[in-house]
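The following paragraphs lead through one chain and its helix packing. Please keep the sequence and the coordinates in view while reading.

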Amino acid sequence: MLSIKDFSEMCRLSPQTLRFYHAEGLLVPAEVDEQTGYRGYDFAQLETAMTVMALRGTGMSVKLVRRALDEPDAAAGLLEEHVGELLLKRAAEDDAVATARELLVARPEVRRSAVPGATVLTALAPDPSGPAAGPEDDVWGPTMAAVTATADELTALARARGARVAGPAWASMARETARERERFRSEQGPLWRVALPVDGLPAGPVDASAEVRDFEPREEVSVFLPGALSMAKYGTALSLLVSHPVDGMFGDLASPRLILRGTGVETALRLLDVSDSPDDDDDADDGGGDGEAVPA
């Protein structure tokens, strides 16, 4: 029988940690003297200590480690589930590091451009309503996941039909139908329409959910922010765009485009003449509500 001091030295766990693991049911001593409270450990418990140390070293919680010890047949699966969560966290941290580096090197720059007309393959993204992936993501985590998945589907569909992808996909607020306009005004937020520039597809429906439309030329101001979109980044982009001076024109907040650039999102606003300022009627847009992709 090993004293807590000897067991501590052999497994490299402090007596305080051993007492904590005893209280949590992770590493219960082989015997405890009822009068003195001294703990005694078997040599065989060194293997348990090693396992606890390994699992705790991965960042697993005490509760999860205890479950792995209590359910040995499920332990491997619990570890893999934990590893999956770690990879997601590391990816988010890597994204945050990359974003911080870019933002510290140079302030985001607003640019003005004349965007040519194009043929686009377009479809509604699935309803993004759902739980936030994290406190910073709020609505943007589910929204951008739905938008990105739809862009990938449109890319695959275009290539399957022999078309050439002519540029990055983008998303804009859908406001064509009564349902879409109702969602736009609701607390749930808008549905999003994804558009992919393509060459080689005729106008009209492609399948039950996608169709080919014309994107009308426009002038825009846009700003690129690296990394995953968040409410803070979206708000920053809009602030930079609306405060950017353009003589006789203003950025239309009713029709932003979120352009997927691979390493981040470029937010773009159509420029309108001050004299052509639209009213608040959602139907007063120039292309079925989102102001960018209109039926051919």
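**Helix packing and local environments**

Leu64, Arg67, Ala68, Leu69 and Asp70 of helix 4 meet Pro72, Ala75, Leu78 and His82 of helix 5. Contact here means heavy atoms within 4.5 Å, and helices (H or I, at least four residues) and strands (E, at least two) are DSSP runs, numbered from the N terminus. The contact of helix 4 with helix 5 comprises 6 nonpolar, 1 polar and 2 charged residues. In this classification Ala, Val, Leu, Ile, Met, Phe, Trp, Tyr, Cys and Pro count as nonpolar, Asp, Glu, Lys and Arg as charged, and the others, Gly among them, as polar.

The model is predicted: local features need pLDDT of at least 70, side-chain atom pairs count only at pLDDT 80 or more, and totals for chains, interfaces and linings use all residues. Residues are numbered from 1 along each chain as its sequence is written, and side-chain values use heavy atoms, with hydrogens and water left out. The pLDDT is the predictor's confidence in each residue, from 0 to 100. Its average over the chain is 87, and 90% of the residues score at least 70. Two stretches fall under 50 throughout: residues 131-137, for which the model has 5 contacts beyond four places in sequence, and residues 280-296, for which it has 54 such contacts.

The chain contains 8 helices and 14 strands. Of its 296 residues, 41% are buried, where buried means under 20% relative accessible area, exposed over 50%, and partly exposed in between (1.4 Å probe, protein chains only). Among contacts between residues at least 6 apart in sequence, 68% join residues at least 24 apart.

Two packed helices are described by the angle between their axes and the distance between the axes. Axes are lines fitted to C-alpha atoms, for helices over the stretch in contact, and angles run from 0 to 180 degrees between N-to-C directions. For helix 4 and helix 5 (residues 72-105), the axes come within 6 Å and cross at roughly 145°.

Helix 4 (residues 62-70) also packs with helix 3 (residues 45-57): their axes come within 10 Å and cross at roughly 135°. This angle makes helix 3 oblique to helix 4, because angles under 35 degrees count as roughly parallel, over 145 as roughly antiparallel, 65 to 115 as roughly perpendicular and the rest as oblique. Thr51, Val52, Leu55 and Arg56 of helix 3 make the contact with Val62, Val65, Ala68 and Leu69 of helix 4. The residues of this contact divide into 6 nonpolar, 1 polar and 1 charged.

Ahead of helix 3, Ala44 occupies the loop that follows strand 3 (39-41). Ala44 counts as exposed, at 62% relative accessibility. Its C-alpha atom is 9.8 Å from that of Ala30, and the two residues are 14 apart in sequence.

What angle do helix 1 and helix 2 form when they pack? The angle is about 100°, with the axes 9 Å apart, and the two helices are therefore roughly perpendicular to each other. Ile4, Phe7, Ser8 and Cys11 of helix 1 make this contact with Pro15, Leu18 and Arg19 of helix 2. By class, the contact has 5 nonpolar, 1 polar and 1 charged residues.

Ser8, in helix 1, counts as buried at 11% relative accessibility. Beyond its neighbours within four places in sequence, Ser8 is in contact with Leu13, Ser14, Pro15 and Leu18. The C-alpha atoms of Ser8 and Tyr41 are separated by 9.9 Å, and the two residues are 33 apart along the chain.

The loop between helix 1 (4-11) and helix 2 (15-24) holds Arg12. Most residues other than glycine have a negative phi. Arg12 is not a glycine, yet its phi is positive, at about 65°. With 67% relative accessibility, Arg12 counts as exposed.

Further along the chain, Glu216 lies in the loop between strand 10 (210-215) and strand 11 (218-226). Is Glu216 buried, exposed or partly exposed? Glu216 is partly exposed, with a relative accessible area of 37%. Glu216 and Thr119 are 97 residues apart in sequence, and their C-alpha atoms are 8.9 Å apart in space.
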